[in-house]
Amino acid sequence: MTSTYCARRRFLAVAGAGTLAGCFGGPGGDSSEEAADGEPAVDTVTLLLNWRIGALHAPYVAARENGFYADEGFADVALEGGDGSDFAANQAGLGNVEFAISSSDQLLNVNSRGLSPRCVAVVMQRNPNVVFATRDGFGELTDPEQLEGATVGSGPGMVREMTRAYLDRHGVLESVEYVDAGFDTVQQLLAGDLDAAGGVFGDVVDAEHQGVEIDALSVDDTIRSYGHLVATDEAFAAEHETTVRSFLRATARGAVWASENPEDAIDALVDVQPELGEVRENQLDKWDRMAAEYMLSDAVAERGWGVSEPEPWEQTYETLDSAGVFEDDVDPETVWTNDYLDDEDEHTAEYAELVGA
């Protein structure tokens, strides 16, 4: 029996949504019933990353290289480098990949454009966006009001929109010179072309590894939003609950292992992507910072790894809606679910305790 999910992918292809390489589960598609033994019916899957593989993807590498996905019944989990969270969310919504790493802002954006990618687990419980400056060039930056009269640069995309909203919330947007710094924000800051920059915490680590002291203000302290998350198409998740739940259990296990074994986690990353060996310490610092500062929350402590709560989704929606980002209406309550998180699984339910929070 050809699944309705497979039929939907064919419809999208005919409708001009792009070339689609077959249907999940091989020729003929899968039925909506999962394997009788409790293993995933779709056992060969692709996880499309939001960008090229790096330290922030340590949980997925750990889960694959340690056999955690295999333990859940997966024959193969392909990790595919991506081209941004928008691209990843779009590909998940089109059904071109089973799973993708995206972000709350882009998931809302893609849903406003007629697709249905759903967040099934939040990996990064805090927005990674920051406004940062060098101590030598700017002085100690502790309050956004200090940015009045400064030249603030940001790259394109949602980082730019979230930085703009942060400056606006603190009443300094009209007083700063807000410029597009392209994809070279860190180097422009270090060269003195910018007084401060909007970026992500990984940019701060990159700057610090060039020998400068950095002060950073967290956008998430003002605008609650989620960073990295696991997305899949709504129809795929509905038809393949066991596949999704199994994938998330193994991913949570990978996150625990990588948090407990950061050196080994980066070694595994370098084995998969050897050129990262040249910047190994940089990658380790990024993973340490993500694990310590971005993957935990009160919700995780109370309810387990991966959990979504309404407020960050609502704040993200309101911020981007006021900026005119969305193509059409989207209800933030419809783009996420906690239904596929296994609250009886140790690594999911007890994540915070296992990583020593």
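Trainee: Which residue stands opposite Val-130 in β8?

Mentor: Gly-199. Keep in mind that this is a predicted model.

Trainee: Which way do β5 and β8 run, parallel or antiparallel?

Mentor: Antiparallel. β5 covers residues 129–134 and β8 covers residues 196–200, and four bridges join the two.

Trainee: What sheet are they in, and in what order do the strands come?

Mentor: An open sheet of five strands, ordered β7-β6-β8-β5-β9, with mixed pairing. The edge strands are β7 (177–180) and β9 (214–218), each paired on one side only. On average, neighbouring strands are turned by 30° against each other, direction ignored.

Trainee: How many bridges join β6 to β7?

Mentor: Four, and these two strands run parallel. One pair to look at: Ser-154 has Asp-180 in β7 as its bridge partner. The chain gets from β6 to β7 through α7, and that β-α-β crossover is right-handed.

Trainee: Where does α7 lie on the sheet?

Mentor: Across β5, β6, β7, β8 and β9. Helix α7 spans residues 158–169 and runs at about 175° to β7.

Trainee: And α9, which strands does that one lie across?

Mentor: β5, β8 and β9. Helix α9 takes in residues 201–208, and its angle to β8 is about 120°.

Trainee: Switching to helix pairs. What's the angle between α2 and α11?

Mentor: About 105°, with the axes 7 Å apart. α2 is residues 58–65, α11 is residues 241–260.

Trainee: Why call them roughly perpendicular?

Mentor: Angles of 65 to 115 degrees count as roughly perpendicular, so α2 and α11 get that label.

Trainee: Which residues meet there?

Mentor: From α2, Ala-58, Pro-59, Tyr-60, Ala-62 and Ala-63. From α11, Ala-250, Thr-251, Gly-254, Ala-255, Trp-257 and Ala-258.

Trainee: How many of those are nonpolar, polar or charged?

Mentor: Nine nonpolar, two polar, no charged residues in the contact of α2 with α11.

Trainee: New topic, Ala-235. Which helix is that in?

Mentor: Helix α10, residues 234–239.

Trainee: Why is Ala-235 classed as partly exposed?

Mentor: Because its relative accessible area is 23%. Buried would need under 20%, and exposed over 50%.

Trainee: How far is Ala-235 from Gly-95, in sequence and in space?

Mentor: In sequence, 140 residues. In space, 8.8 Å from C-alpha to C-alpha.

Terms used. Residues numbered from 1 in each chain as written. Predicted model: local features only at pLDDT ≥ 70, side-chain atom pairs only at ≥ 80, totals over all residues. Heavy atoms only, no water. Pairing = 2+ DSSP bridges. Axes fitted to C-alpha atoms, helices over the stretch in contact; angles between N-to-C directions. Contact = heavy atoms within 4.5 Å. Right-handed = clockwise from strand over helix to strand, strands pointing away. Parallel < 35°, antiparallel > 145°, perpendicular 65-115°, else oblique. Nonpolar A, V, L, I, M, F, W, Y, C, P; charged D, E, K, R; others polar. Buried < 20%, exposed > 50% of the residue type's maximum accessible area, 1.4 Å probe, protein only.
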